[in-house]
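This note sets out a series of numbered points for a reader who is new to protein structure. Please keep the structure in view while reading.

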Amino acid sequence: MTIRRVTGLITTFSACLCLAACQGVPDGGGKERKIEEEKPVEQPKEPEERKVAKPDWWPEGSSIKWPPPKPVGWKGPWPPGPPDKDDPGWWAKHYRGDGKRAGKGNIPTKDDDLGSIPFAQGFDALNSVLFPRKDDCGIFFLHRYELRTIQSCRPYPGKLISQLCDKVVDAKAAEAECRRECAGRPRTKCEKHRLYTPEAYVGWGCDVGRPVGNFPTPTTAVCAADYLCECWSN
């Protein structure tokens, strides 16, 4: 066999080996060779947080600073720009939770809440339960609640709590109360009113009585709701 013939066979054999390697033919160990390194999967980037001016109505001194935390499931830059940021109703809607409301169609079996506790805490500077209301126009919490004194939280008084929630989660009654609040401002005449729905927060539960000093507190079933009420004048 001539040298030229041997050289041709070696060249052909080498080409076959290269072709097999490129096509992923298993080697002697039965493992397939990788053509190239796997590229890492790119993770989706978090929506950017941008600088947006604080709304004029956002209360000073509230427990949640501006910008507030993003609502669960929010997609896109945060906080939102106008006109959303200027609408208190938008915030009430997006910070309201998706839980079930206690009522005729949902008898609770344990303490629970609907709505956003952080939202309520963020507006605590306006909450009439914790702070005196200012005698002027503006936006504030309209706090409605019902409670009953009971002997024990066992068995859980779900039916009674549902009846209490039916009274406080009443948009017509809340709007009438909002109207009375706006009309009754002693220092500023606020002829107009607006009730933002849905309600910002609803909570219910059974509170076991405990001694406070020398005075025992009663055991109560309670339901409470917070609405945003706005008063203004021309």
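**Note on the sheet, its helices and selected side-chain pairs**

1. Strand β6 is a suitable place to begin. Of its 14 residues, 13 are buried, so β6 is largely enclosed by the rest of the structure. The reader should bear in mind that the model is predicted. Strand β6 covers residues 219–232.

2. The sheet should be described next. It is open and consists of four strands in the order β1-β3-β6-β2, with antiparallel pairing. The edge positions are taken by β1 and by β2 (138–150); each has a single partner strand, so one side of each is left without a neighbour in the sheet. On average, and with direction ignored, neighbouring strands of this sheet are turned by 15° against each other.

3. The two pairings of β6 deserve separate mention. With β2, strand β6 pairs in the antiparallel sense over 13 bridges. Within this part of the sheet, Thr 149 stands opposite Thr 220 in β6, and Arg 148 has Ala 221 of β6 as its bridge partner. With β3, strand β6 forms an antiparallel pairing over twelve bridges. Here Val 202 stands opposite Ala 225 in β6.

4. Which strands do the buried residues of α4 pack against? They pack against β2, β3 and β6. The residues concerned are Gly 158, Ile 161, Ser 162, Leu 164, Cys 165 and Val 168. Viewed down the axis of α4, these buried residues fall within an arc of 165°, so they line one face of the helix. A general point helps in reading such a list: an α-helix has 3.6 residues a turn, so residues three or four places apart point the same way.

5. Strand contacts are also found for a further helix. Helix α5 (residues 171–183) packs on the sheet and touches β2, β3 and β6. The direction of α5 makes about 120° with that of β3.

6. Salt bridges form the next topic. A search of the whole structure finds five of them. One is the bridge between Arg 194 and Glu 230, whose closest N and O atoms are 2.6 Å apart. Arg 194 lies in strand β3 and Glu 230 in strand β6, so the pair ties together parts that are 36 residues apart in sequence. Arg 194 counts as partly exposed at 35% relative accessibility, whereas Glu 230 counts as buried at 17%.

7. Strand β3 supplies a residue to another salt bridge. Glu 199 and Arg 101 form this bridge, and their closest N and O atoms are 2.5 Å apart. Glu 199 belongs to strand β3 (residues 192–207), while Arg 101 belongs to the loop between α2 (88–94) and β1 (112–115), so the pair ties together parts that are 98 residues apart in sequence. Glu 199 is buried, with a relative accessible area of 6%; Arg 101 is partly exposed, with a value of 32%.

8. A further salt bridge joins the side chains of Asp 86 and Lys 85, at 3.1 Å from N to O. Is each partner buried or exposed, or partly exposed? Asp 86 is partly exposed, with a relative accessible area of 41%. Lys 85 counts as buried at 11% relative accessibility.

9. Aromatic rings should be considered as well. The search of the whole structure finds five aromatic pairs. In the pair of Trp 66 and Trp 91, the ring centres are 5.6 Å apart and the planes stand at 65°, so the pair is edge-to-face. This pair links distant parts of the chain, since Trp 66 is in the loop between α1 (3–22) and α2, Trp 91 is in helix α2, and the two are 25 residues apart. Both Trp 66 and Trp 91 are buried.

10. Another edge-to-face pair involves Trp 74 and Trp 78. Their ring centres are 5.3 Å apart and their planes stand at 70°, so the pair is edge-to-face. Trp 74 is partly exposed, with a relative accessible area of 23%, while Trp 78 is buried, with a relative accessible area of 2%. Ring pairs link Trp 66, Trp 74, Trp 78, Trp 90 and Trp 91 into a cluster.

Notes. Residues are numbered from 1 along each chain as its sequence is written. This is a predicted model: local features need pLDDT of at least 70, side-chain atom pairs count only at pLDDT 80 or more; totals for chains, interfaces and linings use all residues. Side-chain values use heavy atoms; hydrogens and water are left out. A salt bridge is a side-chain nitrogen of Lys or Arg within 4 Å of a carboxyl oxygen of Asp or Glu. Buried means under 20% relative accessible area, exposed over 50%, partly exposed in between (1.4 Å probe, protein chains only). Two strands pair if DSSP finds at least two bridges between them. Axes are lines fitted to C-alpha atoms, for helices over the stretch in contact, and angles run from 0 to 180 degrees between N-to-C directions. Contact means heavy atoms within 4.5 Å. The arc is that of the directions from the helix axis to the C-beta atoms. Rings of Phe, Tyr and Trp (its six-membered ring) pair if their centres lie within 6.5 Å; planes under 30 degrees apart count as stacked, over 60 as edge-to-face and the rest as tilted.
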